Amino acid sequence: MALITLDKISLALGHHTLFNNISLGIESGDKIGLIGRNGSGKSSLLKTIAKEIIPDSGQIHMIAGTRIVCVSQEPLLDSSRSIFAEVFTGLGEVEGLLTKYYALLDKLSEDCDAALLDSLLDELNVLQDQLEHSNAWTAKNLIDKVLSELGLNGHQLISELSGGSKKRVAIAKALIINPDVLLLDEPTNHLDINSILWLEKVINDFNGTVILITHDRKFLDKTVNKIIELDRGIVNVYPGSFARYQEIKARQLSDEDKTNREFDKFLAQEEVWIRKGIEARRTRNEGRVKRLEQLRLERNQRRERSGSVNLQVDHGKLSGKIIAELAKVSLDFGEKTILKDFSATILRGDKIGLIGPNGIGKSTLLKIILGNLKPDSGKANLGTKIEVAYFDQFREQLNEDATLADMVSQGQDFIEINGRKLHIATYLEEFLFAPARFRSPVKSLSGGERNRLLLARLFSRPANVLVLDEPTNDLDIETLELLEELLINYTGTVFLVSHDRDFLDNVVTQSYVFTGNGNVLEIAGGYSDWLDYQQTRLTTINNKLSNSSKNNDAKNSSANKNNIDNSNSVMPEPENVSRQNKLQNKLSYKEKLELESLPTQLEQLELEQLNLQQKLLDPTLYKSDPRAAEDYKRRIVDIENELNQKLSRWEELEAKITK
């Protein structure tokens with residue numbers, strides 16, 4: 001028996017039908033990805049399942065006692081509460097018990113007479129029994145653990161949080177409730193890659209049913225075992241991963257196009273027949289006439305797929321060969337180091353991805369590159385003939401009260417893109433905005449529509465440098481893939497900040513990876529190449545440590561043998577003699593000692609890093625000593641930097657020997 005059953009559900013907003021007469025069964029343990037174009041009704045369907053929206057017709061049946069929690073795109077949280085207190089509210093009755101418990105502890109810490117003390121202790125014992133019976137301590141430890149894994153400080157106020165942090169709090173609150181069905185609407189929006197990886201693990205380990213809306217293709221592939229597509233008012237179910245869905249969908253669309261072409265050809269032939277001269281009409285077959293009427297009805301009822309967004313960008317004039325040069329650029333904000341001695345040369349045609357956690361300084365580096373922010377030290381020079389188009393993740397370029405046409409037109413009726421002159425109405429239609437909405441205010445748009453409008457505004461002007469700060473949020477998968485294709489074929493320079501791993505892999509040619517404490521590493525390729533780099537570096541360190549251990553064992557064995565029989569000294573093997581000679585000839589005495597000590601230093605640093613990482617797994621750490629937790633995090637970053645420096649030094653010394 002299905003956990004939730006949708007029976008002939010229909011819903012319309014005004015004259016626009018979102019879904020029509022759909023039936024669907026959701027089984028216990030399903031991990032479902034709900035996909036479809038922006039505005040197709042995905043969020044409305046999710047809210048209908050959560051019973052936040054009542055459908056126009058049809059019924060929803062579910063097994064009695066089923067607990068459903070829905071995390072919306074913009075979660076509603078109490079800004080006056082701390083993170084811990086807000087997540088606590090998900091515990092219901094347990095929250096009240098724990099609040100009373102801590103209030104009693106406060107009273108017990110105050111001076112009171114013996115009678116009052118006995119009364120408080122009796123009350124405390126009763127509360128402890130109730131808390132143990134309701135598994136409150138387990139819940140509290142779970143909150144500490146979840147907040148720790150999400151990198152959230154439980155004492156921080158909700159009002160101080162960014163959009164991404166608020167989304168993490170809402171997810172944590174939902175997990176604490178431990179629902180039977182977890183509904184997630186765009187859970188990866190505003191999350192950095194580390195948080196997305198954590199959420200992947202949470203969903204995979206979750207024992208209940210999950211239905212999520214996301215346009216992150218990698219996230220879908222890692223988490224779901226079923227795809228439900230909402231397309232033109234109906235739902236289609238595809239078992240398996242998102243990659244499997246893409247294969248099946250491509251075949252279906254090809255078959256649908258072929259069937260429609262054959263149908264339209266047959267309909268056209270019948271229309272020609274019915275319009276023949278008098279002789280044909282005298283002898284016409286009435287059954288054939290009725291069939292033609294039925295064909296016309298079927299054609300009218302066919303819901304065509306919406307057209308694709310027509311993304312074009314005017315490349316503008318050719319920029320200079322060098323876009324920007326940075327030499328030992330450093331910048332601090334208060335006590336926080338954003339950049340430390342960063343140098344880079346950016347050439348025309350580079351497509352650069354910026355990878356790192358939220359708040360680490362990616363947008364700040366872009367401002368320095370573009371000359372909008374001066375560093376504390378170092379030089380940052382912008383190239384010549386630069387025309388920049390900037391996509392702002394916060395959409396600050398959009399005026400909420402302006403109309404769609406005004407945001408794009410700049411007072412002109414026509415725009416020109418690559419020599420093609422377009423009327424504003426035609427241009428907006430290419431971005432899938434209906435004529436009836438041209439005079440609608442921006443504030444009436446959904447998140448995905450706002451992103452489309454911002455792209456329309458961005459691409460309406462010539463630009464040889466595109467700066468895209470989180471452009472993929474809220475875009476449907478089809479538009480996202482079209483944007484990918486445009487950027488791949490774009491001959492100008494691209495700076496891309498994104499947490500969409502597939503998007504980075506498909507677009508960028510090199511990446512600036514923020515590793516913490518102001519350090520930025522430049523690597524070739526995208527996110528997958530960064531993972532390969534980390535794995536290669538780790539393998540190199542392990543191999544060097546292993547070789548060092550073998551050499552030390554051999555040295556100890558040789559020393560022991562010499563001690564046993566000093567009269568018969570053992571000559572070193574020719575290979576060892578050769579290496580010793582090279583060490584003497586190529587390295588100074590100080591460098592020789594340094595090289596011999598590096599394996600031990602690397603091993604000690606890795607052990608220290610592992611020990612700190614294990615301490616951070618303690619679910620009570622953020623509650624008991626949040627300052628220590630932050631110190632551990634900073635030290636882990638410092639160790640990572642030291643490991644990189646010492647490994648580079650090792651390779652430098654080894655290179656001297658082999659010359």
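Trainee: Which residue is the bridge partner of I228 in β9?

Mentor: V237 is the bridge partner of I228. Keep in mind that this is a predicted model. Elsewhere in β9, N236 stands opposite E229.

Trainee: What makes strand β8 and β9 a pair?

Mentor: Count the bridges. Pairing requires at least two bridges between two strands. β8, residues 226-231, and β9 share 6 bridges, in the antiparallel sense. The pair therefore meets the requirement of at least two.

Trainee: What lies between the strands in the hairpin of β8 and β9, and which residue takes a positive phi?

Mentor: The hairpin has 2 residues between its strands. R232 takes the positive phi, near 55°.

Trainee: In what order do the 6 strands of the open sheet come?

Mentor: The order is β5-β6-β7-β3-β8-β9, with mixed pairing.

Trainee: Why are β5 and β9 said to stand at the edges?

Mentor: β5 (68-71) and β9 (234-239) each have a single partner strand, so each is left with one side that has no neighbour in the sheet. As for twist, neighbouring strands here are turned by 15° against each other on average, direction ignored.

Trainee: Which strands does helix α6 touch where it packs on the sheet?

Mentor: α6, residues 163-177, touches β5 and β6 (181-185). The direction of α6 makes about 175° with that of β5. The angle scale runs from 0 to 180 degrees between N-to-C directions, so α6 and β5 run in nearly opposite directions.

Trainee: Which strands form the open sheet of 3 strands, and in what order?

Mentor: That order is β2-β1-β4, and the pairing is antiparallel. β2 (16-26) and β4 (57-62) stand at the edges, because each has a single partner strand. Neighbouring strands in this sheet are turned by 20° on average, again with direction ignored.

Trainee: How do you know that strand β1 is joined to β4?

Mentor: Use the bridge rule again. The two strands have 5 bridges and run antiparallel. At least two are needed, so β1 and β4 pair. Look at L6 as well: it stands opposite I60 in β4.

Trainee: Why is helix α1 described as largely enclosed by the rest of the structure?

Mentor: Helix α1 spans residues 42-49, and 6 of its 8 residues are buried, so the description follows. The buried ones are K42, S44, L45, L46, T48 and I49. Just after α1, K51 takes a positive phi of about 65°.

Trainee: Why is N189 called buried?

Mentor: The cut-off for buried is under 20% relative accessible area. N189 has 6%, so it qualifies. N189 sits in the loop between β6 and α7 (193-205).

Trainee: Which residues is N189 in contact with, leaving aside neighbours within four places in sequence?

Mentor: They are K167, N473 and D474.

Trainee: What makes E630 count as partly exposed?

Mentor: Partly exposed is the range between under 20% and over 50%. E630 has 32% relative accessibility, so it falls in that range. E630 belongs to helix α22, residues 626-658. E630 and G151 are 479 residues apart in sequence, yet 9.7 Å apart in space, C-alpha to C-alpha.

Trainee: Which residues touch the most other members of the largest nonpolar core?

Mentor: I83, V87, L147, W198, L212, L220 and I227 do, in a core of 49 residues. α6 gives the most to this core, with 7 residues.

Trainee: Which residues does V87 touch, not counting those up to four places away in sequence?

Mentor: V87 touches I143, L147, V169, A172, K173 and I176. There is also a second, separate core of 47 residues, M407, I424, L445 and V513 among them.

Trainee: What share of the 659 residues in the chain is buried?

Mentor: Buried residues make up 44%. The accessible surface of the chain comes to about 34,200 Å², and carbon and sulfur atoms account for 48% of it. The chain has 22 helices and 20 strands.

Trainee: What is the average pLDDT of the chain?

Mentor: The average is 79, and 81% of the residues score at least 70. Treat two stretches with care. Residues 277-284 have pLDDT below 50, with 5 contacts in the model beyond near neighbours in sequence. Residues 563-585 are also below 50, with 11 such contacts.

Key: Residues numbered from 1 in each chain as written. Predicted model: local features only at pLDDT ≥ 70, side-chain atom pairs only at ≥ 80, totals over all residues. Heavy atoms only, no water. Helix = DSSP H or I, 4+ residues; strand = E, 2+ residues; numbered from the N terminus. Contact = heavy atoms within 4.5 Å. Buried < 20%, exposed > 50% of the residue type's maximum accessible area, 1.4 Å probe, protein only. Areas by Shrake-Rupley, 256 points an atom, 1.4 Å probe, with all protein chains shown as cover. Core = buried A, V, L, I, M, F, W, Y, C linked by side-chain atoms within 4.5 Å. pLDDT = per-residue confidence, 0-100.
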